[in-house]
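Grab a coffee and open the viewer. Here are some short exercises, each with a worked solution to check yourself against.

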Amino acid sequence: MLSVEGLRSKYGRIEVLHGVDLEVKSGEIVSVIGANGAGKTTLLRCLSGVQPASGGSLMFRGDDISKLPAHRRVGLGLAQSPEGRQIFTNLSVEENLRLGAYLFADARVDKDMADAFAMFPVLKEKRNLSAGGLSGGQQQMLAIARALMARPTCVLLDEPSMGLAPILVDQILEVVKSLKSLDVTVLLVEQNAFAALSIADRGYVMETGRITMSGPAAELIADPRIREAYLGI
Amino acid sequence: MSDLLQFVFSGLTVGAVYALVALGFTIIYNASDVVNFSQGEFVMLGGMSTVFLSAAGVPLPAAAILAVVITALVGVALNKFAIEPARNASVVTIIIITIGASIFLRGVAQIVFDKQLHRFESFSGDVPIEILGATILPQSVWVIFGAAVIFTGLYLFFTRTLTGKAVLATANNRLAARLVGINTNFIMTLSFALSAAIGAVAGVLVTPITLTSYDIGIALALKGFAAAMLGGMGNPFGALVGGLVVGLIEALTAGYISSTYKDAAAFIVILAVLFVMPSGLFGRAAVNRV
Ligand SMILES: Nc1ncnc2c1ncn2[C@@H]1O[C@H](COP(=O)(O)OP(=O)(O)OP(=O)(O)O)[C@@H](O)[C@H]1O
Ligand SMILES: [Mg+2]
């Protein structure tokens, strides 16, 4: 599905990704965990094409996407729910969702929106309200739902649990898990390592712009180094 | 009473033009955070192109439409060759580029056209229409009506079409816009085309009343900018109100005090409003509080 090799990226002259290798297979949930500033967000920004890569290759479903502008990557089925939610605060909840399906203008848009409302009923209640007035958890739901409106085959989720109450974290994780049954492949990035690994098939550990460990999620959760460094056990 | 109405008519006419210029500022500002100081030149290009096309034998309505199209293309070219290459520069740098572009366009207009004052015929003659003891030129009705149509059309565009919402989305959050698949470069191009076309329409409508020449853009940009600031930069409704208020203050000052003070009066009111409400009457901070 998604294959990243030797990915490098910099902000100005400072390189923050020093050659990242990563693979996501069709139907998987893959989590990337790592501390603050490890480069997880930068990785996802490169994948979506909103941050230039300075080296390496990016393949998505067999196509080299490294030269494609961001909107073309969405068109190929690679959507993202970005860090900090980044919803359109000046538009209504429904308009946010409609724009998630910006590339489409067919009957399925309405159906997908009904599905999104079924997934997050609270959004349906607030469909005509300004998205800027939603609570943090609701904004997070909106960001995920908006990404799903793009009919992705692979969705990139950046810290969906950040800043949420534990009960909401569980709800969001359930939704992420359920994406499997919708045939949506997931690349999940989290500081909340336990949450991320508990629902993943495989995981990667990122430290200062490099992948330092990888393996089945169950093995990573059990690994003493990870338990100490990321799970605080 | 009829004096007042007379001043109001003339205020609404210039005010409608300022509102259209302010609207042009607003659209580009929303798409890019840039204040495009060549907005006034779009008005000039609309009027001057119509003058020279119709002098070359093109019938007036066709000349006017052609002028709007040409100006829109100039707007697109401005974005493509002057703004886009400087994409990563600071906003201040880009604003200075637009000032340079405005000087450039004026220079080109001097060469391609000339330095004379020009006009073409009013669309519906020059016989004043009498209303409650005051009179209004048919062309003024065209100006006010034209502005009303443009504002309504734009309102529908932003609220009813997906492309319009994509423009609003890009203005609100460019990163998120790119992540949902909006081609934000296209939105920029569209915004410049729209702004330029709106400026050109204003130029076409008002030229029979105010005449036009290569350098009318400077004063118009200043007034339009002031109107946009007064209404709240970035808000189309603010542009409308700001434009009309500036026009009315000017006309009333000119009528009741002296036309010497009309510019000063307008700017004093604007400064006073901005002192109390720094983001303007309908500015972002005031409206979009989250
Ligand atoms: N816009 C930017 N300009 C310059 N440096 C940046 C920028 N964004 C991030 N960085 C730097 O790049 C490095 C990686 O940041 P990134 O945001 O990708 O990390 P992260 O793993 O997502 O962290 P977090 O868990 O806090 O979200 C950090 O050292 C950060 O300081
Ligand atoms: Mg991050």
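A:C46 is a buried residue, since its relative accessible area is 1%. Keep that cysteine in mind for the first exercise, and remember throughout that this is a predicted model.

**Exercise 1. Work out why A:C46 and A:C154 are not bonded to each other.**

Solution.
- Start with burial: A:C154 counts as buried too, at 0% relative accessibility.
- Next, recall what is being looked for. A disulfide is a covalent bond between the sulfur atoms of two cysteines.
- Now check the distance. For the sulfur of A:C46, the closest cysteine sulfur is in A:C154, and 15 Å is too far for a bond.
- Run it from the other side: the closest cysteine sulfur to that of A:C154 is in A:C46, again at 15 Å and too far for a bond.
- The cut-off for a disulfide is 2.5 Å between the sulfur atoms. A search of the whole structure agrees, with 0 disulfides over all chains.

**Exercise 2. Find which residues coordinate the magnesium ion (ligand 2), and say where they sit.**

Solution.
- Look for the donor atoms: A:T41 offers OG1 and A:E83 offers OE, at 1.8 to 2.2 Å.
- Place them along the chain. A:T41 is in helix α1 (residues 40-48) of chain A, while A:E83 is in the loop between β6 (78-81) and α3 (93-100). They are 42 residues apart, so the pair links distant parts of the chain.
- Then compare accessibility. A:T41 is buried at 19%, just as the limit of under 20% requires. A:E83 is partly exposed at 30%.

**Exercise 3. Check whether helix α2 (residues 39-55) of chain B has the length or the shortfall you'd expect, and say how enclosed the helix is.**

Solution.
- Take 1.5 Å a residue: the 17 residues of α2(B) should span 24 Å.
- Compare with the model, where the end C-alpha atoms are 25 Å apart, which agrees.
- Count buried residues: 14 of the 17 are buried, so α2(B) is largely enclosed by the rest of the structure.
- Look just past the helix, where B:G57 takes a positive phi of about 105 degrees.

**Exercise 4. Describe how two helix pairs of chain B cross.**

Solution.
- Pick the descriptors first. Two packed helices are described by the angle between their axes and the distance between the axes.
- For α1 (residues 2-32) and α5 (residues 138-160), the axes come within 8 Å and cross at roughly 30 degrees. That makes α1(B) roughly parallel to α5(B), and the crossing is left-handed.
- For α2(B) and α3 (residues 60-83), the axes come within 8 Å and cross at roughly 140 degrees. These two are therefore oblique to each other, because only angles over 145 count as roughly antiparallel. Their crossing is right-handed.

**Exercise 5. Locate A:R151 and B:D33, and say what is unusual about their phi angles.**

Solution.
- Begin with the rule: most residues other than glycine have a negative phi.
- A:R151 is not a glycine, but its phi is positive, about 55 degrees. You'll find A:R151 in the loop between α6 (136-149) and β7 (154-158) of chain A, buried at 16%.
- B:D33, also not a glycine, has a positive phi of about 65 degrees. B:D33 sits in the loop between α1 and α2 of chain B, partly exposed at 39%.

How values were computed
Residues are numbered from 1 along each chain as its sequence is written. Chains are lettered from A and ligands numbered from 1 in the order in which they are written. This is a predicted model: local features need pLDDT of at least 70, side-chain atom pairs count only at pLDDT 80 or more; totals for chains, interfaces and linings use all residues. Side-chain values use heavy atoms; hydrogens and water are left out. Helices (H or I, at least four residues) and strands (E, at least two) are DSSP runs, numbered from the N terminus. The expected span of a helix is 1.5 Å times one less than its number of residues. Buried means under 20% relative accessible area, exposed over 50%, partly exposed in between (1.4 Å probe, protein chains only). Donors are N, O and S atoms within 2.8 Å of the metal (3.2 Å for Na, K and Ca); water is not among the atoms, so sites may look incomplete. Axes are lines fitted to C-alpha atoms, for helices over the stretch in contact, and angles run from 0 to 180 degrees between N-to-C directions. Angles under 35 degrees count as roughly parallel, over 145 as roughly antiparallel, 65 to 115 as roughly perpendicular and the rest as oblique. A crossing is left-handed if the near helix is turned anticlockwise from the far one by less than a right angle, and right-handed if clockwise.
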